[in-house]
Amino acid sequence: LVDGAKALYEVCDAFCRATKFVYLVAAYFSPGIELVRGHAPDPLSIESISAKYPDVMAKVNEINRSKGVPENTIPLVSLLAAKAEMGVPVRVIMFYPDAAQEKLGGAVDTDQAWAMVTGWSSKIDIQKAMWGGYYEGHEVGAHHMKSAVAGTDDGLVAFCGGVDMAYARWATPSHKYDAPIDFKQDHGTLQDYVPDQKAWIDPSLLMGEWLNLHSVPPLDVAKAGSQWFWHDVHARVLGPGAYCLADNFLNRYLN
């Protein structure tokens, strides 16, 4: 699955299908990211998800309305909350401490992301994960993993690769800024939680995070913009490999 537009659509589709569980290891985690954008006749449209999963979208819209989020959008946090409220166990492991989450690609810090998820639904089981172990006392680890597993009536559907559930990862293979990316789209979901970050992405500094790592002296990511045209690859995994990813999640979760 090349680039975030395709990868996040397929993750959304699998989460909508989930009846047994949803497992998510989020190396960088922006709960408000919109998984699906664009409209019909685009095959990756919101309408295509709504047509296939009307009950799920009805619940997502109900949650969106309760949080002041526009209907007929699919923020990750709303979808996770919808599935949890519909009785599907949802477990999330997210990066910790703040330095990894906030400064290296998550756009919001651990407490903000945590507050958003727990505020959307008390039924989501979310755990903070150490990154490399430089905080003692945290029992689970993410270690830069970006994986997800959905337990469906047809078996497991799993994902792993380079596309984070985070800001700036949604991109099309064209990587054209005006087709069809709204650089403020994700921030609308987070505005009540991070009012200081609504204008975080600066369209004049599209490679801000990359510049932050390579500039001398280093730039401040929060002022430098976002690597909006993030180019990466994700894999959809079925069969025995999907069970390996589920087992990996359990190892992270339990140990």
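1. A quick term before anything else: a residue counts as buried under 20% relative accessible area, as exposed over 50%, and as partly exposed in between. K6, with a relative accessible area of 32%, is therefore partly exposed. Please keep in mind that this is a predicted model, so everything below is read off a prediction.

2. The overall picture. The protein chain has ten helices and six strands. Of its 255 residues, 53% are buried. The chain exposes about 10,800 Å², and 55% of that comes from carbon and sulfur atoms. If you look at contacts with a separation of 6 or more, 71% of them are between residues 24 or more positions apart.

3. Salt bridges, starting at helix α1. The structure holds ten of them, and I'd begin with E10 and K6, whose side chains meet with N to O at 2.9 Å. Why can these two reach one another along the helix? They sit four residues apart in α1 (residues 4–17), which means about one helical turn separates them. Their surroundings are worth checking on screen: E10 is buried, at a relative accessible area of 13%, whereas K6 is partly exposed, at 32%.

4. E10 has another partner. R236 also forms a salt bridge with E10, and here the closest N and O atoms are 2.9 Å apart. R236 belongs to strand β6 (residues 234–237) while E10 belongs to helix α1, so this pair ties together parts that are 226 residues apart in sequence. R236 comes out as partly exposed, with 42% relative accessibility. Put the pairs together and you get a network of salt bridges linking K6, E10 and R236.

5. Further along α1, which residue does R17 pair with? Its side chain meets that of D154 in a salt bridge, with an N to O distance of 3.6 Å. This pair links distant parts of the chain, 137 residues apart: R17 is in helix α1, and D154 is in the loop between β4 (146–152) and β5 (155–161). On accessibility, D154 counts as exposed at 70%, while R17 is partly exposed at 29%.

6. Now the α3 and α4 pair. The axes of α3 (residues 54–66) and α4 (residues 76–85) come within 9 Å and cross at roughly 115°, and the crossing is right-handed. On the α3 side, the contact is made by V56, K59, V60, I63 and N64. From α4 come S78, L79, A81, A82, K83 and E85. What is the make-up of this contact? Its residues divide into six nonpolar, two polar and three charged.

7. Last, a look at L250, which has its place in helix α10 (residues 240–254). Is L250 buried or exposed? Neither label fits: with 33% relative accessibility, L250 is partly exposed, because that value falls between the 20% and 50% cut-offs. Leaving aside residues up to four places away in sequence, L250 touches Y23 and N255. Y23 is the one to click on if you want a link across the sequence: L250 and Y23 are 227 residues apart along the chain, yet their C-alpha atoms are separated by 8.9 Å.

Definitions and conventions
Residues are numbered from 1 along each chain as its sequence is written. This is a predicted model: local features need pLDDT of at least 70, side-chain atom pairs count only at pLDDT 80 or more; totals for chains, interfaces and linings use all residues. Side-chain values use heavy atoms; hydrogens and water are left out. Axes are lines fitted to C-alpha atoms, for helices over the stretch in contact, and angles run from 0 to 180 degrees between N-to-C directions. A crossing is left-handed if the near helix is turned anticlockwise from the far one by less than a right angle, and right-handed if clockwise. Contact means heavy atoms within 4.5 Å. Ala, Val, Leu, Ile, Met, Phe, Trp, Tyr, Cys and Pro count as nonpolar, Asp, Glu, Lys and Arg as charged, and the others, Gly among them, as polar. Buried means under 20% relative accessible area, exposed over 50%, partly exposed in between (1.4 Å probe, protein chains only). Accessible areas come from the Shrake-Rupley method with a 1.4 Å probe; for residues, only the protein chains shown count as cover. A salt bridge is a side-chain nitrogen of Lys or Arg within 4 Å of a carboxyl oxygen of Asp or Glu.
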